[in-house]
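Student: Please take a close look at one part of this model, the aromatic side chains, and say how buried or exposed the residues are. After that, set a few other sites beside that part in one connected answer.

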Amino acid sequence: METKTDKPVAERLSEFLSRLTPAAAVKLVSGLERERLRGTTGLPYDLILSSMRPVLRRMDMKRNGSAMPMRQFCMPFESLLVEARDPSSHRRQIARTSIVPVWTWLETDLLPDTLPDIAGRITEHTVSGDNAALFGTLNVMHASCSAAMLLALDGARRDVAQRKKLEQRLGGEAGLEDARVMAEALAVAPQMLSLQLGLPKKIAEFDDGLAALVSEAYEEARESAPLHAIYVPLGVMNRLAKPWQILRLTRKLSGFGNDAAVARSGLAELGEIFLGELEDIAKCFEVRRPGKKTDLDYMLARVTRFAEISQGFIHEIDIRRVSEWGHRILAARARLSTAIAEEMARFENEVARALPLFQIGSYGKSGPRRPDVTSAPNFEQAERATAAMRFLTGACPAAESIGVQAHCKTVGQQIETYLASYEDGLIEEIRRSKGHERANANAYLEIAAGLRRARGEIALSDTLRRRGKVAGAQAS
C-alpha cells in the first residue's frame, strides 16, 4: 500500500501547495521571486513555481505588482547584474541590491497608476502561457519604465536637492548610477531581451553566426535608441568566455577590423574596457615596491590576465602602432615589463636565503661554498622563494606578450645554476652529517624539491628526493 512518504517529492509538494489560499500563494511566489532576483541559491525555484501554476490560475489577477513582474522587468539587463559592485571595473554593472529600491521608486513615485496594471497583466499572461500578449506587455513596461526613469534622472542631474533626495531613496551615488544603467539598457529592451533568450548563457566561441545575430540586434537598437545601443554588445560580452571576441562585431558592421573602424562603428567603449583593464594592471605593478608584502600568486593572475587581454585584443582588431590605442597598449606593456623585471631581479636572492650556503676556508668571496645545515630552515623564507618560483614559471609563457623574455631566460638560468650546485652539495651534507644537522639537511632537501616542483620540474623534484634517500642510507 502506498503511503504519503512513498509519493514523489513533486507530487507531495503539489498537494501541499494546492491547499494554499490565494493570498498565501501570492506571498509565497513573491518571496521566491525576490530571493531568486537577489541571487539566493539552494532553493528549488522551478519545482515550487511549476507546482504553483494550478493555484495561480484560480487567483484573482487584479493585484498590485509582485516580484514576478519585477523579475521580468530585470530580464533585459540580466547580464549586467552583479552580486557586489566592483568599483575598479570598467564595465557597466548593476548591483542586485539596487533592483528592489528602483522597482519601489517606479511603483510609488514614477508610475503609480500605470505599473500596477501592467504588472497584473504580466502575471496573468505568464500564468496562462500567452507569450504573444506577454511580450507585448513587457515591451510596454520596459519602454514606460525607461522613459520615466530617464526623465527623472535628467531632472536630478540638473537639480542638486532633487539629486540628493533620489540618492537617499536609491542607496547613494552607486544606487543612482545603477538606476541610470537600468534605464538606458531598458531603452533597447526588445533587442536585449531577444538576445537574452536566444543566446546561450555561456558562449565558448563567438562565431560568425552569433556575431551576425548580435550585429543585427545592434543595428536595430541604433535605429531606435542610438545613444543606448552600446548595451546590446555590452550584455553579450558578459556571456563570452573570451570577452574580447565581442570586437568581432566591427568586422560585421564595417568590413574592417582596425581601431579606427571600431570608433566609427560606435563600439569604442568596448575597446576602452580592455584598454582600461590593461592600464590598471600595469599601474598595480608600477606603484608597488619589489618584494614588499607582495602576493605573488595574485600578481601572477594579473600578469596572466594582461597577456590574455592583450593577445586577444590585438588578435581581434588591427592595432596601429601610431594610433592612440597602439600608444596606450605599448605604454602599459612597457610599465608592466619594467615592474616585473625589477621583481624578478630579487628571485635568485630569495632562493639563496631559503637555501643558504657558507664559505669554506679563507679564500674570500670567490672561494668554495657548501650548504649551511647548522641551523634549521626558515620556512617563511622558503615559502617566499617557492612563491617566486611559481611566479617565474607562470609568467614565462606570457613573456612575449609582456616583454620580459630576456629577463625570464636570465633569471631562470641563474636559479638553475644555483639549484644544481646546491643540490649536489646538499647530498654530500646528508652523507656526512649526523644528528640535528642531518635533520636540517633533509628539511632543506624538501625545500629544494618543492622549488623544483614550483618550477614545473616534477621529475627533477622526485629524483632529488630519491638521491637524498640513497645518501641517507649510505651514511647509516
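Tutor: Phe73 has a relative accessibility of 0%, so Phe73 counts as buried. Phe77 is assigned to the buried class as well, because its relative accessibility is 0%. Both values are computed from a predicted model.

Next, the rings. Searching the whole structure gives 6 aromatic pairs. One of them joins Phe73 and Phe77, with 5.7 Å from centre to centre and 85 degrees between the planes. An angle over 60 degrees counts as edge-to-face, and the pair of Phe73 and Phe77 carries that label. The pair belongs to a wider group: Phe73, Phe77 and Trp103 make up one aromatic cluster.

A second site is centred on Asn440. This residue sits in helix α22, which covers residues 435–454. With 9% relative accessibility, Asn440 is classed as buried. A polar atom of the Asn440 side chain lies 3.0 Å from the backbone oxygen of Val373. The cut-off for a polar contact is 3.5 Å. Leaving out residues up to four places away in sequence, Asn440 touches Val373, Thr374, Ser375, Ala376 and Pro377. Val373 thus appears both as the residue supplying the backbone oxygen and in the contact list of Asn440.

A third site is a loop residue, Ile230. The loop in question runs between α11 (208–224) and α12 (231–237). Is Ile230 buried or exposed? Ile230 is buried, since its relative accessible area is 7%. When residues up to four places away in sequence are set aside, Ile230 touches Arg92, Tyr218, Gly266, Leu267, Glu269 and Leu270. Ala268 is 38 residues from Ile230 along the chain, and their C-alpha atoms are separated by 9.3 Å.

Last, the cysteines. How many disulfides does the structure hold? The number is 0. A disulfide would be a covalent bond between the sulfur atoms of two cysteines. Two cysteines can be described by their accessibility. Cys284 has a relative accessible area of 28%, so it is classed as partly exposed. Cys408 has a relative accessible area of 7% and is therefore buried. The boundary that matters for these two labels is 20%, with buried meaning under that value.

To return to the part you asked about: Phe73 and Phe77 are each at 0% relative accessibility, and together with Trp103 they form one aromatic cluster.

Methods. Residues numbered from 1 in each chain as written. Predicted model: local features only at pLDDT ≥ 70, side-chain atom pairs only at ≥ 80, totals over all residues. Heavy atoms only, no water. Phe/Tyr/Trp six-rings, centres within 6.5 Å; stacked < 30°, edge-to-face > 60°. Buried < 20%, exposed > 50% of the residue type's maximum accessible area, 1.4 Å probe, protein only. Helix = DSSP H or I, 4+ residues; strand = E, 2+ residues; numbered from the N terminus. Polar contact = N/O pair within 3.5 Å; in protein donor to acceptor, adjacent residues only side chain to side chain. Contact = heavy atoms within 4.5 Å. Disulfide = S-S within 2.5 Å.
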